[in-house]
Amino acid sequence: MPDPTTANLWHPIAACADTPVGTPQRTTLLDTPITYTLHGEGHATAASSSMLPVLIRYGYIWTSLGTPTADLFDIPEYAEPDRRRFNAASVSVHVSAPRAVENFLDMSHFPFVHTGILGAEPHTEVKEYDVETSAERDEVLATRCRFFQPQPSTAADQGAEVEYVYRVPHPNCAILYKSSVIDETRRDVIGIFVQPVSQERVRAHMLVCVLDDRSDDETIKRFQQTVFGQDKPILENQFPKRLPLDPRAESPVRADRVSIAYRRWLSAKGITYGVIPAA
Amino acid sequence: MSAHAWHPIAAARDLPPRHVFHAKLLGQELAVWRADDGFINVWENRCLHRGVRLSIGLNEGQELKCQYHGWRYASRTAGCTYIPAHPEGAPARRIANRIFPVIERHGLIWSALETSPDDLQTSLPPDPLVLREIAIDAPAAIVEPLLAAYDPPGHGPRPIFFIQPTDSESCVIRGVVPEPPPTGALALLRLHDAALCALRDVAEQRPAA
Ligand code: FES
Ligand SMILES: [Fe+2]
């Protein structure tokens with residue numbers, strides 16, 4: 001049984017664009033088999049042993065096994081009409097949801113895992129950045145994250161020092177904002193919405209919401225799929241698969257301050273699903 | 001199966017230069033690698049930083065480099081020597097991986113989970129013919145009696161068998177022929193391979209007692 005916090009969350013179960021209209025589909029959420037149907041015109045239904053609440057947001061169908069809040073976290077940029085926005089991929093990964101989220105928040109692996117794209121040796125230093133856990137907005141926020149990237153996006157011709165902001169507004173969802181190479185006053189938005197299939201298996205849904213006037217959808221998708229394809233084998237070789245919340249369980253360094261804050265925030269929420277709770 | 005006893009965990013040929021071998025003993029995953037100076041490292045197969053298997057890391061000769069964030073660990077001590085996210089200065093505190101004892105003998109690599117047992121006692125000549133290892137999806141206790149009765153027709157000198165207990169459900173048979181005939185090694189390897197595969201089929205079909 002998932003803990004009450006997890007049970008009451010909205011969870012993503014599919015991208016609308018990848019779901020045939022009018023035909024029932026199956027998936028698994030929190031060890032529970034679910035049937036859902038996209039009816040068109042922004043309307044969907046879902047059921048396990050009984051009917052489940054449904055929400056359509058950011059191009060995804062969301063549901064809950066408990067009693068969720070009225071709405072989901074906000075991504076204001078999603079409404080901006082000149083953005084390219086779609087699901088880049090939904091990928092099954094043999095890992096817990098919080099491990100997948102933590103990987104998404106981590107810059108220090110860029111030179112080693114995304115070599116030549118999001119990082120390259122010798123540019124390995126993670127400079128000081130700011131982390132806060134906002135009680136009022138109930139989210140973890142990391143700002144002033146800077147990193148040198150050889151190929152920051154499909155719209156980039158050359159390497160650049162890129163500035164990131166990371167938001168974790170939901171235990172299994174994170175959003176990053178990175179400087180746009182097209183318009184220096186705006187930022188590309190990329191989200192990872194993780195569907196916990198079980199405590200140690202997920203479907204990771206990746207939202208892109210970017211400024212790019214020259215790449216077609218397939219190119220943008222392929223870029224994200226390449227990047228995530230590099231993360232997947234790392235995640236699947238991480239042990240234990242559940243995220244240890246005890247601060248002494250692994251060996252964080254200064255670069256991991258956002259991961260430390262995220263683990264603490266999960267602990268404070270009383271989450272036990274997909275984690276190893278602190279003693 | 002004692003954590004204090006020596007068990008084979010690999011064949012010597014599993015450790016070519018700059019390779020990291022993934023082994024398992026009594027449920028414990030191990031990253032095994034030979035440094036450029038010949039020293040063999042047997043470590044817990046987990047990076048201390050964020051838990052990634054070190055067996056997918058890079059053997060850089062005198063150090064092993066983790067694939068995830070590039071932390072480096074020194075041969076012999078398994079101490080972390082470099083954290084690329086903070087390149088200035090040495091790691092602030094002492095971070096060292098768990099290491100296990102090791103002996104290379106008779107073409108096999110031996111280890112033990114608990115601190116060094118007494119020296120490995122075998123009465124084998126130094127250069128036996130090492131058979132291909134046979135991984136079996138059945139516990140060592142099932143395989144032992146089958147090996148005791150092992151007697152394939154026309155096999156020549158009898159191999160000596162060691163069982164590597166990978167965990168409570170599986171094991172690996174590691175056989176060596178002490179004094180192989182000067183010719184016909186390949187035929188001998190083939191003969192034992194076929195006979196041991198047949199033994200494996202028997203072992204895997206037998207329900208655990
Ligand atoms: S997990 Fe090995 S360096 Fe981070
Ligand atoms: Fe990554």
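Which residues does Arg174(B) touch, not counting residues up to four places away in sequence? In this predicted model, the list runs to Pro8(B), Ile9(B), Ala10(B), Ala11(B), Asp14(B), Leu108(B), Glu133(B), Ile160(B), Phe161(B), Phe162(B) and Gln164(B).

## A buried arginine in chain B

Let us stay with this residue for a moment. Arg174(B) belongs to strand 14 of chain B, which spans residues 170-177. Arg174(B) is buried, yet it has no salt bridge. The nearest side chain of opposite charge is that of Asp14(B), 4.2 Å away. Because a salt bridge needs the nitrogen within 4 Å of a carboxyl oxygen, the 4.2 Å between Arg174(B) and Asp14(B) does not qualify. The arginine does have a polar partner in the backbone: its side chain reaches the backbone oxygen of Ile9(B) at 3.5 Å. Ile9(B) and Asp14(B) are both among the residues that Arg174(B) touches.

The chain around this arginine has two helices and 14 strands. Its C-alpha atoms fill a box of roughly 65 × 40 × 30 Å along the principal axes. Of the 209 residues in chain B, 52% count as buried. Contacts in chain B often span the sequence: among those between residues at least 6 apart, 57% join residues at least 24 apart.

## Salt bridges

Side chains of opposite charge can pair when their charged atoms come close. Over all chains, the structure holds 32 salt bridges. Three of them are set out here.

| Positive residue | Negative residue | Closest N to O |
|---|---|---|
| Arg57(A) | Asp71(A) | 3.0 Å |
| Lys65(B) | Glu121(A) | 3.1 Å |
| Arg254(A) | Glu128(A) | 3.7 Å |

Arg57(A) and Asp71(A) form a salt bridge at 3.0 Å. This pair links distant parts of the chain, 14 residues apart: Arg57(A) sits in strand 6 (residues 54-57) of chain A, and Asp71(A) in the loop between strand 7 (60-63) and strand 8 (84-93). Arg57(A) is partly exposed, with a relative accessible area of 27%, and Asp71(A) is partly exposed at 38%.

The salt bridge of Lys65(B) with Glu121(A) crosses between chains. On one side is strand 6 (residues 63-65) of chain B, which holds Lys65(B); on the other is the loop between helix 3 (110-113) and strand 9 (130-134) of chain A, which holds Glu121(A). How buried or exposed is Lys65(B)? With a relative accessible area of 9%, Lys65(B) is buried, whereas Glu121(A) counts as partly exposed at 41%.

Arg254(A) pairs with Glu128(A) in a salt bridge of 3.7 Å. The two are 126 residues apart, with Arg254(A) in the loop between strand 15 (243-244) and helix 5 (257-268) of chain A and Glu128(A) in the loop between helix 3 and strand 9. Arg254(A) is partly exposed at 44%, and Glu128(A) is partly exposed at 42%. Elsewhere, salt bridges that share partners join Arg99(A), Glu102(A), Glu250(A), Arg263(A), Glu44(B), Arg46(B) and Arg50(B) into one network.

## A buried cysteine in chain A

Cys16(A) lies in the loop between strand 1 (11-15) and strand 2 (25-29) of chain A. Cys16(A) has a relative accessibility of 18%, so it counts as buried. Leaving out residues up to four places away in sequence, it touches Leu38(A), Ile56(A), Gly59(A), Tyr60(A) and Ile61(A). Cys16(A) and Ile56(A) are 40 residues apart in sequence, with 8.3 Å between their C-alpha atoms.

## Cavities and the largest pocket

Rolling a probe the size of a water molecule over the atoms shows where empty space is left. The structure holds six cavities of 30 Å³ or more, and the largest has a volume of about 230 Å³. Of the 19 residues that line the largest cavity, Phe104(A), Leu118(A), Leu176(A), Gln224(A) and Val227(A) lie nearest its centre. At least two lining residues come from each of helix 2 (97-104), strand 11, strand 12 (173-179), strand 13 (187-198) and helix 4 (217-236) of chain A. Helix 4 supplies the largest share, five residues.

The largest pocket contains about 330 Å³ of space. It is lined by 20 residues, and those closest to its centre are Leu9(A), Thr69(A), Asp138(A), Pro169(A) and His170(A). Strand 11 (residues 160-170) of chain A gives the largest share of this lining, three residues.

Key
Residues are numbered from 1 along each chain as its sequence is written. Chains are lettered from A and ligands numbered from 1 in the order in which they are written. This is a predicted model: local features need pLDDT of at least 70, side-chain atom pairs count only at pLDDT 80 or more; totals for chains, interfaces and linings use all residues. Side-chain values use heavy atoms; hydrogens and water are left out. Helices (H or I, at least four residues) and strands (E, at least two) are DSSP runs, numbered from the N terminus. Buried means under 20% relative accessible area, exposed over 50%, partly exposed in between (1.4 Å probe, protein chains only). Lys and Arg count as positive and Asp and Glu as negative; His and the chain ends are not counted. A polar contact is a pair of N or O atoms within 3.5 Å; within protein, one must be able to donate a hydrogen and the other to accept it, and residues adjacent in sequence count only if both atoms are side-chain atoms. Contact means heavy atoms within 4.5 Å. On a 1 Å grid over the protein atoms alone, a cavity is a set of points where a 1.4 Å probe fits but cannot get out, and a pocket is an open set with protein on both sides within 12 Å along at least five of seven lines; lining residues have an atom within 4 Å of a point. Grid points are joined across faces, edges and corners, and a volume is the space filled by probe spheres set on the points.
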